[in-house]
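Subject: Structure handover

Hello,

Here is the structure I said I would pass on. Please have a look at it first; my notes follow underneath.

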Amino acid sequence: MNGSRKQLYVKSFGCQMNVYDSRRMADTLAPEGYSETLSPEDADLVILNTCHIRDKAAEKVYSELGRVRRLKQAAAARGRRVVVAVAGCVAQAEGEEIIRRQPAVDVVVGPQSYHRLPKLLEEAARDGKAIDTEFPVDDKFDHLAAPSAAAIRARGASAFVTVQEGCDKFCTFCVVPYTRGTEISRPVRKIVDEVEHLAAAGVREISLIGQNVNAYHGEALDRRPWSLAQLLRRIAEIGGIDRLRYTTSHPCDMSEDLIAAHGDLPELMPQLHLPVQSGSDRVLAAMNRRHSRADYLDIVRRLRAVRPDLALTSDFIVGFPGETASDFDATLDLIEQVGFCGAFSFKYSPRPGTPGAEMADQIDEDIKSERLQRLQAAIERHQAAFNRSCLHRRVDVLFERPGRHPGQLVGRSPYLQPVQATAPATLIGEIAAVTIVEIGSNSLFGTLASQTPACAQARDFLATGA
Ligand code: 5AD
Ligand code: SF4
């Protein structure tokens, strides 16, 4: 342990990869004497782990940095030094420009260099500032410390594990191939070790994550590259791991063996996030998505053939350059055909350096807003219908933490819906059957099936045939 205890505040923006990376940064700084705090006012080190995917995301970082600067000044007035670090994709994309725009920043560190954080902090203490946005050839995960069992337990029974980073797809709207670099898969052995470590501390659910997770092709012990499906099957063998998920996938990498896994791997949960972006072939081609609307619908058909209750979520972009009213109607029509139970949807945001930003026919903000509203209304309708279909059904819930009201716990259904139920705290970290009795706007409400009256259990039986 190095020196006295210090407080670390990490704020993550953007995707789950950033949430995972933030945890690994905290793990790496723990041996340096840092413990995590939830209040930035107490922090000696503030890390903003940033996202660059849309313009708004980057702007949010700068306004947050304004707040952090005021904290830093207030602490300095009381004789306390606060170090400010910017990590993640904005750090990667903008480098020292960040310090020029916000001089309160001491350290800028790109996503491939987190293992160097302790060194960068030393450097900043010595020289004032430190910047590292290299793409080193070695695997950062080899150098990032593993979490302690206590840290794992504090984070709950569901954990992320990064298995793949980067993207070679070059969708014309997206900065990821530039900020996160080329696709790299972690070797099977390292992932299995990490999951075994998590399982030993009580983790029950693993979400494998990567920018292009289903393009996974990590080296196995036999030196051959394994597919994501092979990796999932191997992880399912690890004792204590009852639930598996993976995100985010590209339709072109939904291979036959991965689709088959949805049918015959019971640990693989019946929910899949499969971004389509648009339902128009013309727009898909302009986006360089490399798949058509028919390709996407065919994948959905094959998935549902092996797993009829599969709940699909997606990402959509409205107002991509050149998107006409009929292109947009094609997207709405695809939503009707698939019946997504949730989606992230965005107005197209031109990102400097990407081909989309240079395209003619940029769409008016007003039209984008109007299309976004209509798209979100359609998704909400499907989501509500899906939630209603769960009423009176029995679903397994992995309880994560105390709920809104005393005596309540909140957890997730296999379809990733939040479920609130009256249950003893001893069930946190456990999976229990819950009968859904009410559908709220954001959550489902249920009672433990073991406490459900016999008449409701009979109805349950009729509803599910289970
Ligand atoms: N504008 C709007 N949305 C974008 N996304 C990525 N880049 C952009 C952009 N330039 C969305 C896509 C992607 C999700 C992570 O963010 O829908 O799937
Ligand atoms: Fe971006 Fe497309 Fe790669 Fe996804 S597949 S990270 S949207 S370039």
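**A buried arginine and its surroundings**

At a relative accessibility of 8%, Arg371 counts as buried, because the cut-off for that is under 20%. Please keep in mind that this is a predicted model. Arg371 belongs to helix α16, which covers residues 365-388. Leaving aside residues up to four places away in sequence, Arg371 is in contact with Val318, Glu323, Thr324, Ala325, Phe328 and Ile363.

One of those contacts, Val318, lies in strand β13, residues 311-318. Val318 is buried too, with a relative accessible area of 1%. Its contacts, again without residues up to four places away in sequence, are Glu323, Phe328, Phe346, Lys347, Tyr348, Lys368, Arg371, Leu372 and Leu375. Glu323 and Phe328 therefore appear in the contact lists of both Arg371 and Val318. Val318 and Ser349 are 31 residues apart along the chain, and their C-alpha atoms are separated by 9.5 Å.

**The barrel**

Five strands form a closed barrel in the order β15-β16-β17-β19-β18, and the pairing is mixed. On average, neighbouring strands of this sheet are turned by 55° against each other, direction ignored.

Going round strand by strand:

- β15 (residues 394-402) and β16 (residues 408-412) run antiparallel and are joined by four bridges. Arg401 stands opposite Val410 of β16. The hairpin of these two strands has five residues between them, and Gly407 there takes a positive phi near 85°.
- β16 also pairs with β17 (residues 418-422), in the antiparallel sense and over five bridges. On this side the bridge partner of Val410 is Gln420 in β17. This hairpin, too, has five residues between its strands, and Leu416 in the turn has a positive phi of about 75°.
- β17 and β19 run parallel, with four bridges between them. Gln420 has Phe445 in β19 as its bridge partner.
- β18 (residues 431-439) and β19 are antiparallel and share five bridges. Ile439 is bridged to Leu444 of β19, and a hairpin of four residues connects β18 to β19.

Which of these strands are largely enclosed by the rest of the structure? β16 is, because four of its five residues are buried. The same reason holds for β19 (residues 444-448), where four of the five residues are buried, so that strand is largely enclosed as well.

**The nonpolar cores**

In soluble globular proteins, nonpolar side chains tend to be buried together. The largest nonpolar core in this model has 54 residues. Within that core, Ile206, Leu208, Tyr246 and Phe340 have the most contacts. Leu208 touches Val161, Val163, Val213, Leu228, Leu231, Leu232, Ile235, Arg245, Tyr246 and Thr247, residues up to four places away in sequence not being counted. A second core, separate from this one, has 25 residues, among them Leu8, Val10, Tyr34 and Ile209.

**Around ligand 2**

What surrounds ligand 2? The residues are Cys167, Lys169, Phe170, Cys171, Phe173, Cys174, Val176, Pro177, Asn212, His250 and Arg289. Sorted by class, this shell holds seven nonpolar, two polar and two charged residues.

Regards

Notes
Residues numbered from 1 in each chain as written. Chains lettered and ligands numbered in written order. Predicted model: local features only at pLDDT ≥ 70, side-chain atom pairs only at ≥ 80, totals over all residues. Heavy atoms only, no water. Pairing = 2+ DSSP bridges. Axes fitted to C-alpha atoms, helices over the stretch in contact; angles between N-to-C directions. Core = buried A, V, L, I, M, F, W, Y, C linked by side-chain atoms within 4.5 Å. Buried < 20%, exposed > 50% of the residue type's maximum accessible area, 1.4 Å probe, protein only. Contact = heavy atoms within 4.5 Å. Near = heavy atom within 4 Å. Nonpolar A, V, L, I, M, F, W, Y, C, P; charged D, E, K, R; others polar.
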